[in-house]
Amino acid sequence: MAADPRALARRWAVLSCVPVLLLAAIVACDPSPQPRPADAPAGAQRGAGAPPAVTAAPAAAVAPDPAGGDRGLTAERDGYRLDAAATELPADRPAAYSFTITGPDGRPVTDFEVHQTRKLHFYAIRSDLTGFQHLHPEMAADGTWTADLAALTPGTWRLYASFLPSPASRRSTELVLSRTVTVPGTSTAVPLPAPAATTTVDGYTVALTSEPMAGAYRLTATVTRDGQPVTDLQPYLDSYAHLTAFHEGDQALAHLHPADKVAADHGGGPVLTFHAMLAEAGNWRVFLQFQTAGGLHTAELTLNVAA
Ligand SMILES: [Cu+2]
């Protein structure tokens, strides 16, 4: 069974506090359960009529790290650092981005735990939340990773590495570190699409509903095709779907946990459930990836988290 979401949220809150406790003598962080968002009027997000947008009450706040370390916005956290020589990448053609993860001992880390079938997950997004890429770079013996990015459009991009250091690190949650790169040329910002409850990709319709839980959201996606439920989703990264979300404005990366277990005897769908740590109000661009008949599909839509 899936872990109790409240326990997960509490564990996350406790983990978020560790650096604070190490650095400060005062207790700046209270891991006790916050007021549950369920205390807010449950029907508030539905309102009158049939709103097209998916809107929800705010998740209980876990005091965010002002520097953004808990939201994947720093290059260094808890002694681990994302190092890369490149601060600029070429426009409109594939580019290789090389980097290392340096550990607390100052040396490149070569020992990673596999999570969601990979040692490291890599994401790229432009500052306007377009151009999403999700890659699995290769690591050389010396700890140098190379991510083969598809062509990037001009603008500022944020590149994220998500990983779990070796068991010796005793971490139970993945670290997300990031850096930005500039892609030269004339950049045209694409306005963020309005929040929507459904989207279509490759003939598949994905409907997303969100429900606040303590410190988190339960996101439910339903996949249909020609009005019929889809039940032949194939495992992708140890799940029937992979969900990544980026916050409008600061490009914070959400912590997302698929709640569905892959079954050996049948395909996945039509309903997929995720536990999402959407700690900030505002708009999130959500990327839901799923696989059918060997092909990968990426559905994207905007989710509004009410203040
Ligand atoms: Cu991945």
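Reader: Which residues touch the most other members in the largest nonpolar core?

Author: This is a predicted model, and in it Ala 161, Ala 241, Ala 245, Ala 276, Leu 278, Val 286 and Leu 288 touch the most other members of that core. The core holds 61 residues.

Reader: What makes a residue such as Ala 241 a member of a nonpolar core?

Author: Membership takes a buried residue of a listed type, Ala among them, joined to others through C-beta atoms within 7 Å. Buried, in turn, calls for 20 or more other C-beta atoms within 10 Å. Ala 241 is counted in the core, so Ala 241 is buried by that cut-off.

Reader: Which residues does Ala 241 touch?

Author: Leaving out residues up to four places away in sequence, Ala 241 touches Ala 221, Leu 233, Tyr 236, Pro 258, Leu 272, Leu 288, Gln 289 and Phe 290. Leu 288 also appears among the core residues that touch the most other members.

Reader: How much of the chain counts as buried?

Author: That's 34% of its 307 residues.

Reader: What does the chain have by way of helices and strands?

Author: One helix and 20 strands. Five of the strands make an open sheet, in the order E2-E3-E4-E9-E8, with antiparallel pairing.

Reader: Why are E2 and E8 said to stand at the edges?

Author: Strand E2 (76-77) and strand E8 (138-139) each have a single partner strand, so one side of each has no neighbour in the sheet.

Reader: What makes E2 and E3 a pair?

Author: A pair needs at least two bridges. Two bridges join E2 to E3 (residues 80-83), so the two strands qualify, and they run antiparallel. Across this pairing, Arg 77 stands opposite Tyr 80 in E3.

Reader: How many bridges join E13 to E14?

Author: There are 10 bridges between E13 (residues 204-213) and E14 (residues 216-225), again antiparallel. Val 206 faces Val 223 of E14 there, standing opposite it.

Reader: Which other strands does E14 pair with?

Author: E14 pairs with E18 (residues 271-277) over six bridges in the antiparallel sense, and Thr 222 stands opposite Val 271 in E18. E14 also pairs with E15 (residues 228-229), antiparallel over two bridges. In that pairing, Arg 225 has Gln 228 in E15 as its bridge partner.

Reader: What lies between the strands in the hairpin of E14 and E15?

Author: Two residues sit between them, and Asp 226 in this hairpin takes a positive phi near 50°.

Methods
Residues are numbered from 1 along each chain as its sequence is written. This is a predicted model: local features need pLDDT of at least 70, side-chain atom pairs count only at pLDDT 80 or more; totals for chains, interfaces and linings use all residues. A residue is buried if 20 or more other C-beta atoms lie within 10 Å of its own, exposed if 12 or fewer, and partly exposed in between; C-beta atoms are placed from the backbone. Two residues are in contact if their C-beta atoms, placed from the backbone, lie within 7 Å. Helices (H or I, at least four residues) and strands (E, at least two) are DSSP runs, numbered from the N terminus.
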